[in-house]
Amino acid sequence: MNSALQTDSSTFTSSARDRLAGYLARQKGPREAEIVPLTPDASTREYFRIPWKRKSAVAAVYPAPFDPAVHPYLDITRLFLESGLPVPEVLDVDGAAGIIVQEDLGDRQLFQVFETATDEEREGLLDEAIEIIAQIQAATPKAFERDSIASRLAFDEAKLGWELNYFFEHYFGSLRGETLSHGEAAELKAELNDIAAELAACPRVLCHRDYHSANLLVDDKNRIRIVDHQDARMGPASYDLVSLLLDRQPEPPSPAAVRHHRLYLLDVRRGRGLPSLDPDDFSKEFRLMTIQRGLKAVGTFSYQTAVCGRGAFYEKHIRPTFLIVLQAAEWLNRFPSCAA
């Protein structure tokens, strides 16, 4: 049996904190009292801030042992670092204990920085974030050259369709407890299937996959840094831009602002020697991607609210995300059930 499968098949009986304390004791590191828990998002990992060689570091503690040679986070981190992308440096790994120690980038998430930034500062940060998207896309050939896990995963029709079914199940079922009529369900599912098929046919580039302002940190040198990149995969060129501009927004942004940022990404791509994309075609893909990603997000928010009991954080995002989806559907003028 593959060693990765062997280690992944078991889970720990001790807590993440206890394992981290044992790891630090073996390193002759700080006392357990100096381990500071950090708040995770919807994740099975637990994060802690620890002292590390006169500085601090962040330890990600996983629920099971892993093989570092095939671990997704480590694989994608190596790919991104080799491509000059601003991810945290990995400082140490203990696969048997399920621990990855990485550079501490601080706590300033981009959405928090936006709250006190001037309009000019906000636009500068958005431009920088969009430039990083183009840099990620430019790393597509390298992902295939090194046979990265990201090169073997894609937003294909099956994946996109699964995410849309996840929305259907958890928004109507888990959250609303509603059963659609046979005709309503069939019509909506036909439209969702069309979305998945059309997006799956788009040319694919390397995507971060969850490129929103909570996963972008501003470090002590005011540079944007990327985290939570272990799920990178191949997908449409609009994917990360949709996430950056539209995820968890309190209301739909102005169409003019969205258009400006779409065109900026196309300009930056050209500057990196990437294939030119027709602005009108890219606009249509962007709107279609907005519907798919938005509905998938509503499914996640519904699941976290109704099943996991985390509505205090997630429920507030459901209605604004729906409004963004409806705006895109109306612009495309081709999904009557979505726009009804």
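A residue is called buried when its relative accessible area is under 20%, exposed when that area is over 50%, and partly exposed in between (1.4 Å probe, protein chains only). By that yardstick Cys 202, at 15% relative accessibility, counts as buried, while Cys 308, at 37%, is partly exposed. Don't look for a disulfide (two cysteine sulfur atoms within 2.5 Å): the whole structure has zero. For Cys 202, the nearest cysteine sulfur belongs to Cys 207 and sits 11 Å away.

A word on the model: it is predicted, with local features needing pLDDT of at least 70 and side-chain atom pairs counting only at pLDDT 80 or more, whereas totals for chains, interfaces and linings use all residues. Numbering starts from 1 along each chain as its sequence is written, and side-chain values use heavy atoms, leaving out hydrogens and water.

Now the sheet. Its five strands (DSSP E runs of at least two residues, numbered from the N terminus) form an open, antiparallel arrangement in the order 1-2-3-5-4. Strand 1 (36-38) and strand 4 (90-94) are the edges, each pairing on one side only; pairing takes at least two DSSP bridges. Strand 1 joins strand 2 (residues 46-52) through three bridges, and Val 36 has Arg 49 as its bridge partner there.

On to the nonpolar core, a set of buried Ala, Val, Leu, Ile, Met, Phe, Trp, Tyr and Cys residues joined through side-chain atoms within 4.5 Å. The largest one has 75 residues, and Ile 291 is among those touching the most other members. Helix 11 (residues 279-306) gives the largest share, nine residues. Apart from this core lies another of 15 residues, including Trp 52.

Notes. Helix = DSSP H or I, 4+ residues; strand = E, 2+ residues; numbered from the N terminus.
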